[in-house]
Amino acid sequence: MPSTLEVKCTNSSCELDMFEMHYTYDMPDSVTVADFSCPYCGEGESLEEIVL
């Protein structure tokens, strides 16, 4: 099964609190949460992986 990341936006003015990123096995190992931006507010530096 492809990997899943649970991510939250830490931008205090953003209404999105959590979302899941699903990706295929073709995603390079070097890709991290820092390579993405929030789909709601667009902030790239405000994403943080939720670690359980």
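## A guided look at a three-stranded chain

**View 1. Strand 1 meets strand 2.** Let us start where strand 1, covering residues 4-9, runs antiparallel to strand 2, with 4 bridges joining the two. This is a predicted model, so please read every view with that in mind. One place to rest your eye is Thr-4, which has His-22 of strand 2 standing opposite.

**View 2. Strand 1 meets strand 3.** Strand 1 also pairs with strand 3, again in the antiparallel sense, and here the pairing takes in 3 bridges. Look for Lys-8 in this view: Glu-48 of strand 3 stands opposite Lys-8.

**View 3. The two faces of strand 1.** Follow the side chains along strand 1 and you will see them alternate. Which of them are buried? Leu-5, Val-7 and Cys-9 are, and they point to one face. Thr-4, Glu-6 and Lys-8 point to the other face and are not buried. Two of these names may be familiar from the earlier views: Thr-4 stands opposite His-22, and Lys-8 stands opposite Glu-48.

**View 4. The sheet as a whole.** Put the pairings together and you have an open sheet of 3 strands, arranged in the order 2-1-3 with antiparallel pairing. Why do strand 2 (19-22) and strand 3 (47-49) each have one side without a neighbour in the sheet? Both stand at the edges with a single partner strand each, so one side of each is left free of a sheet neighbour. From one strand to the next, the twist averages 40°.

**View 5. Stepping back to the chain.** Reading from the N terminus, you will meet the elements in the order β-β-β. The chain holds 3 strands and 0 helices. Measured out along the principal axes, its C-alpha atoms fill a box of roughly 35 × 20 × 15 Å.

**View 6. Surface, burial and contacts.** The chain has 52 residues, and 19% of them count as buried. Its accessible surface comes to about 4,000 Å², with 49% of that belonging to carbon and sulfur atoms. How much of the contact count comes from residues 24 or more positions apart? Such residues account for 45% of the contacts in the chain that have a separation of 6 or more.

Conventions. Residues numbered from 1 in each chain as written. Predicted model: local features only at pLDDT ≥ 70, side-chain atom pairs only at ≥ 80, totals over all residues. Heavy atoms only, no water. Pairing = 2+ DSSP bridges. Axes fitted to C-alpha atoms, helices over the stretch in contact; angles between N-to-C directions. Buried < 20%, exposed > 50% of the residue type's maximum accessible area, 1.4 Å probe, protein only. Contact = heavy atoms within 4.5 Å. Areas by Shrake-Rupley, 256 points an atom, 1.4 Å probe, with all protein chains shown as cover.
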